[in-house]
Amino acid sequence: MQASILEVRGLSKRFGGLTAVSELAFEVREGEILGMIGPNGAGKSTTFNLIAGTYPASSGEIVFKEASILGLAPHQIARRGILRTFQHNRPFEGMPVIDNVLVGAHRLFTKNSHAEEAVRRSRAEELIEFVGLGGLAAADVGTLSFGQGRLLEIARALAGEPRLILFDEPAAGLAPAELDRLAEIIRGIAARGIAVLLIEHDMHFLLPLAHRVVVLNFGAKIADGLPDEIRRDPAVMDAYLGSHAAHS
Ligand SMILES: Nc1ncnc2c1ncn2[C@@H]1O[C@H](COP(=O)(O)OP(=O)(O)OP(=O)(O)O)[C@@H](O)[C@H]1O
Ligand SMILES: [Mg+2]
């Protein structure tokens with residue numbers, strides 16, 4: 001079994017009287033795609049915000065590469081190798097695609113030499129190619145489709161050379177053909193040795209892609225296992241059917 005790169009233990013987050021994440025424990029292993037699913041409001045994005053340092057935890061521990069990252073600022077956590085995409089695209093308007101990717105590489109470069117600039121640009125171009133936006137490096141970011149904007153977010157996160165990448169519902173709003181492409185990209189990221197923690201609503205997208213899956217409901221973990229085990233788990237079915245009933 002691969003060693004774990006991220007360990008979350010007894011993690012809780014309260015917003016006033018609401019417990020958004022409750023005594024959560026799980027691990028992400030080296031090179032693995034770990035899926036995280038759960039109904040609306042289950043605490044998935046909050047978990048990401050705790051790992052990325054956007055919110056302070058109320059209690060618990062988060063260990064990355066055998067060192068605690070609890071209480072570090074988001075930029076410090078990014079420098080240690082955890083990068084994320086958001087639930088909504090966040091392009092830098094009025095800039096070409098390549099400059100949007102270069103923003104993600106910013107933390108890696110301290111000097112501003114011409115040699116470094118050339119390396120930086122060629123790496124950004126490779127990533128643009130890798131996510132399937134080849135030929136669009138010079139295009140204004142405003143000309144991208146929604147799906148292309150999503151791929152740009154991924155390229156920008158990769159530009160920061162993460163060891164662990166957090167994706168918050170990357171499939172949301174994509175067309176079926178784009179979903180296949182996205183799955184291929186996520187597999188390619190894991191194949192590069194980058195661990196992936198993937199939040200996804202859509203079980204049809206997630207289950208064939210993830211190596212293991214953690215299921216949240218009302219902030220707590222209700223299941224943890226292989227995709228086939230999750231598919232058959234009665235507690236998971238109940239959580240999803242219950243949430244569908246509540247929405248209809
Ligand atoms: N900044 C905040 N202040 C107060 N409550 C919050 C805050 N962020 C999240 N919550 C609440 O915490 C709970 C978990 O929210 P979270 O966004 O983590 O859920 P989620 O699993 O990502 O849901 P979705 O599938 O809808 O994205 C929800 O009840 C939400 O309203
Ligand atoms: Mg969310």
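1. In this predicted model, V214 stands opposite D224 in strand 10. On strand 3, the residue that stands opposite V214 of strand 9 is M36. A further pair on the strand 10 side is L216, which stands opposite K221.

2. These pairs belong to two strand pairings. Strand 3 (residues 33-37) runs parallel to strand 9, and four bridges join them. Strand 10 (residues 220-225) pairs with strand 9 in the antiparallel sense, over five bridges.

3. The link between strand 9 and strand 10 is a hairpin with two residues between the strands. F218 lies in this turn and has a positive phi of about 50°.

4. Is strand 9 mostly covered or mostly open? Strand 9 (residues 212-217) is mostly covered, with six of its six residues buried. The burial applies to both faces: R212, V214 and L216 are buried on one side, and V213, V215 and N217 on the other. R212 and N217 are thus listed among the buried residues together with the valines and L216.

5. The wider setting is an open sheet of six strands, in the order 6-7-8-3-9-10, with mixed pairing. Strand 6 (82-84) and strand 10 are the edge strands, each pairing on one side only. From one strand to the next, the twist averages 20°.

6. Helix 6 (residues 176-191) packs on the sheet. The strands that helix 6 touches are strand 3, strand 7 (164-168) and strand 8 (195-199). The direction of helix 6 makes about 150° with that of strand 8.

How values were computed
Residues are numbered from 1 along each chain as its sequence is written. Chains are lettered from A and ligands numbered from 1 in the order in which they are written. This is a predicted model: local features need pLDDT of at least 70, side-chain atom pairs count only at pLDDT 80 or more; totals for chains, interfaces and linings use all residues. Side-chain values use heavy atoms; hydrogens and water are left out. Buried means under 20% relative accessible area, exposed over 50%, partly exposed in between (1.4 Å probe, protein chains only). Two strands pair if DSSP finds at least two bridges between them. Axes are lines fitted to C-alpha atoms, for helices over the stretch in contact, and angles run from 0 to 180 degrees between N-to-C directions. Contact means heavy atoms within 4.5 Å.
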